Number of protein chains: 2
Amino acid sequence: MENFNFYNPVKILFGKGKTSELSTLIPANAKVLMTYGGGSIKKNGVYEQVIQQLKPFQVVEFGGIEPNPRYETCMKAVALVKQHDIDFLLAVGGGSVLDGTKFIAAASKYAHGDPWDILSKHVLIQDAVSLGAVLTLPATGSEMNGGAVITKEETQEKLAFVSPLVMPKFSILDPVFTFSLPRHQVANGIVDAFVHVMEQYLTYPVNSPVQDRFAESLLITLIEEGNLAMQQTTPVYENRANLMWAATMALNGIIGAGVKSDWATHTIGHELTAFHGLDHAVTLAIVLPGLLRQVKEKRHEKLSQFAYRVWNIRELDSKKACEMAIDKTEAFFRSLGMLTKLHEHTIHEDTIDKIILRFGQRNMKSVGNQQDISLVEVKMILKSQL
Amino acid sequence: MENFNFYNPVKILFGKGKTSELSTLIPANAKVLMTYGGGSIKKNGVYEQVIQQLKPFQVVEFGGIEPNPRYETCMKAVALVKQHDIDFLLAVGGGSVLDGTKFIAAASKYAHGDPWDILSKHVLIQDAVSLGAVLTLPATGSEMNGGAVITKEETQEKLAFVSPLVMPKFSILDPVFTFSLPRHQVANGIVDAFVHVMEQYLTYPVNSPVQDRFAESLLITLIEEGNLAMQQTTPVYENRANLMWAATMALNGIIGAGVKSDWATHTIGHELTAFHGLDHAVTLAIVLPGLLRQVKEKRHEKLSQFAYRVWNIRELDSKKACEMAIDKTEAFFRSLGMLTKLHEHTIHEDTIDKIILRFGQRNMKSVGNQQDISLVEVKMILKSQL
C-alpha cells in the first residue's frame, strides 16, 4: 500500500424522508442560493419538500444548470451570489448541479482574475462559499467529494478541479428521489459509478487487499443491482438505495486511498462530450472497453484479478479470462442500453484526430495518472471502438 | 438498508514517516498535553519522533495510561489540563491511550458534576478539548471514531461513551510503529478488529450488499494477513500496513451504516475484563464463538452468508456450514494464540453468576442492540465456553 492522506468530512443523511432534516443542517440566518437543473424537481415533488424546509431562510433560486454544467451558466449564478450576499449554496439535483454549484462556490470567492483559471491553470482556491446538497441522481459521487467538472461552451473544453473547500457540508440521499428518473439516466449512473471504481482499481497491484476488495464489492453490487434495476418495471426502494450508496462510495476517497489510480478513461471520455455533447456515462462506456483491451498486457495482474473475482470467470488461462472479462464488461454496459461503439453515435475518425491534436496542443504525451497510455495508444483505443 | 447518518471528519495520515507532518496538524500556539501509556514509546523511537515535532508548542506530558484505561488515571490528567490551560490533547499509543484521552477531553470540559456520569448515566457532552492521535497499535479503531471505553477501578465497571466531539482531528497511522509490538498484542489487535466487524455484520439481513461485502472484505483480509503476521518472524511493512488499515476501517462507521449492529459480544466481554483483568481481545475471542453457537438458528441467514463468503465453505447443508464456520472462527483465534475457554484463564462458574447478577442489577433483560440475547442465553453462552 502507498502512503496516503484521507479526509472526508461530508455529513451523509441517507434514506427515505431524510429531507425533513434539511432545515436543521443549514446555518441559522443563512442567505441561501438554491441551485437546480432543468426543472425535473418541480415535477417529482422534490422542489416542494426542499422549499418547505427553506422557510426559515432568505432564499434566492437559480435553476437551469445543464448536464455537463457550463462555465457561462455558473458565472451567472456567481453574479447572483455577489448581488444578494449569499452565504450558503444548496444544490438540488444530480452530479451536474452539484459540480456546477461547487464551481459557483469557488468562483464567488475567487479574487485573482478569471475563475476559469481554477480549471485551466489549476490555481488552488483559498476560499469558497459553504454548500450542501440534496441528491436526485446517483452517479457521480460529487455528493461526497471535493471534485467538479465544468465545461466551457466557448472553447468546447471540459476540465476538472478538486478542493476540500468545496466538499458539501452535508448531502441528503433519499433513494425515493430517484424513482422518477428516466431509465437511461439510471443506466448512466450505474456506468458512471462502475467506471469510477475501475479508475481506482484497474491499474497496478500495490498489495492493498482492503481497497481491492472494497472496489470489487462495489463492482459486483453495481452489476447485480444494475441488472435488477433494468428488470424492474417500477422502481424498488431497496434496489435504488443500494445503487445510490454504491455510487457514493465509489468516489468518496475510500477505495482510492493508498492505491494507484488511473482516470485515463475519463480524460478521453471528456473530449467526446466536449466535441459531441454525449452523456458523460456514455463516453465512459465507449472508452473503457477499448482502453482495457489496449492495456490488457501491461495491466494483466489487476485485470485477471478483476476477471476472477468480479466476473467469477472459471477459465484457467488468465489471458483468455481477461479477454472474457472485458467482453462481459462491454456486454454489461450494452445490457443497460449503452451504445459502446462510436459509429452508433455517428462519430467517426475525424473526431479521433481532433482529440489527439488537442491533447498534443496541451503538451500531453500520455493520459492517465500512471502515464502508461501514450497518445498513439489513445488513438488505437478510440479506433478499436469505431 | 435502514436509514442512517454518517459523519466522520477524522483526517488520516497513513504510512511510513507520516509523523514528520505532525507539527503542521496541531493548531499554532496550542498548549499540548501529550498522553501515552506504559512507556513503550520511549523504547521504540516513537517518543523522539513525536517530541521533535512538538518543539514549536508548549507541551505537558502525561504517561501511564494503562490498558483498559481507568477513570481514576484519566482524572489526574484532567487536573493537569485545567492547571496548565491545555487546549490540545495528543494521544500517542494504542486504543487504550486514545480512549483515555477522549475521556480526558470530555471530562475536562464537563461542568455538571462527576464526569463518570458521562459513562454511567449517558449524559451527552456539550464540549471537549480538541485531540489528535499517533497510533502505535492497530486494534480498536478508536483513531477514527468518537467512541471510548473506560474502566472504574473502584467499582470494577467498564463502560462506553460516544460523541462526535471526541473524534480525533487527525490520526497518524505509521505501520512501522507496530514493528516493536509483542506477538500477543498483534494477535489482540487482529481479534479485536475481527470482532468489531462481526458486531456490525453477523445479525440480521437488511439487503445491504455494499456494507455486507465491505465487512466480508475486512474479515477475509484480517484472516489472510493475520495468518501471515503469525508466520513472519520479523515484521513485514505491507502486512502491518494492511492489518492497520483493516482495523481502522473496521470501526469508523462505514460498515455499520444502515445495518443492524449487535455489540453483545463486547457487552459480555467487558465484564470478564472488569472482574478478571483479561485483555479486551481475549474476552472477545472467548465470547464470540459461544455467542454464535447460541444464536445460530435465529441468525442463520447471516451466519450462513459468513460461512460461504468469508470461510469459503463448500458444505451444501447450510446448518452444517454454519457450525463449520463457527469452529473455523474459534480455531483462527486459537491459531493466533488466544485461549478461548474460560477454564484456560482459571475463570469458573462463579464469575458467570456474578456477571448475570450485575446485568440484572442494571435492569438489563437482554444484551445486544437487537435485544435477541436474554440473560439466560448469556449464561448459556458463557457456560458453553467454560
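**Exercise 1. In the predicted model, find the bridge partner of Thr35(B) in β3(B) and describe the pairing of the strands involved.**

Solution.
Step 1. Thr35(B) has Phe62(B) as its bridge partner in β3(B).
Step 2. Strand β2 of chain B covers residues 31–36.
Step 3. This strand and β3(B) run parallel and are joined by 5 bridges.

**Exercise 2. Give the strand order of the sheet that holds β2(B) and β3(B), and state which strands stand at its edges.**

Solution.
Step 1. The sheet is open and consists of 12 strands.
Step 2. The order is β3(A)-β2(A)-β4(A)-β5(A)-β8(A)-β1(A)-β1(B)-β8(B)-β5(B)-β4(B)-β2(B)-β3(B), with mixed pairing.
Step 3. At the edges stand β3 (58–62) of chain A and β3 (58–62) of chain B. Each has a single partner strand, so one side of each lacks a neighbour in the sheet.
Step 4. On average, neighbouring strands of this sheet are turned by 25° against each other, with direction ignored.

**Exercise 3. Describe how β1(A) pairs with β1 of chain B, and name the bridge partner of Asn8(A).**

Solution.
Step 1. In the strand order, β1(A) is followed by β1(B).
Step 2. Strand β1 of chain B spans residues 4–14, and its pairing with β1(A) is antiparallel over 7 bridges.
Step 3. Within β1(B), Asn8(A) has Asn8(B) as its bridge partner.

**Exercise 4. Determine the operation that lays chain A on chain B, and the relation it represents.**

Solution.
Step 1. The superposition takes a turn of 180° with a shift of 0.0 Å along the axis, and the RMSD is 0.0 Å.
Step 2. This is the relation of a two-fold axis.
Step 3. Pro9(A) has the C-alpha nearest the axis in chain A, at 2.0 Å from it.
Step 4. Both copies use the same surface, since 100% of the contact residues of chain A recur in chain B.

**Exercise 5. Break down the contact between chain A and chain B by residue count, element and class.**

Solution.
Step 1. Chain A contributes 33 residues and chain B contributes 33 residues.
Step 2. On the chain A side, the elements giving two or more residues are β1 (4–14), α7 (209–231) and α8 (237–249).
Step 3. The most comes from β1(A), with 10 residues.
Step 4. By class, the chain A side has 18 nonpolar, 9 polar and 6 charged residues.

**Exercise 6. Analyse the hairpin of β6(A) and β7(A), including the residue with a positive phi.**

Solution.
Step 1. Strand β6 of chain A takes residues 147–152, and strand β7 of chain A takes residues 157–162.
Step 2. These strands pair in the antiparallel sense over 6 bridges.
Step 3. Ile150(A) is bridged to Leu159(A) in β7(A).
Step 4. Between the strands of the hairpin are 4 residues, and Gln156(A) adopts a positive phi near 50°.

**Exercise 7. State the domain division of chain A and describe the contact between the two domains.**

Solution.
Step 1. Domain 1 covers 11–177 and domain 2 covers 182–384.
Step 2. Taken over C-alpha atoms, the centres of domain 1 and domain 2 of chain A are 26 Å apart.
Step 3. Domain 1 of chain A gives 19 residues to the contact, and domain 2 of chain A gives 25 residues.
Step 4. The domain 1 side has 9 nonpolar, 6 polar and 4 charged residues.

**Exercise 8. Report the confidence scores of chain A and of the model.**

Solution.
Step 1. The average pLDDT of chain A is 97, and 100% of its residues score at least 70.
Step 2. For the model, ipTM is 0.97 and pTM is 0.97.

Note on methods:
Residues numbered from 1 in each chain as written. Chains lettered and ligands numbered in written order. Predicted model: local features only at pLDDT ≥ 70, side-chain atom pairs only at ≥ 80, totals over all residues. Least-squares fit on C-alpha atoms with pLDDT ≥ 70 in both. Contact = placed C-beta atoms within 7 Å. pLDDT = per-residue confidence, 0-100. Domains from an automatic or database assignment. Nonpolar A, V, L, I, M, F, W, Y, C, P; charged D, E, K, R; others polar. Pairing = 2+ DSSP bridges. Axes fitted to C-alpha atoms, helices over the stretch in contact; angles between N-to-C directions.
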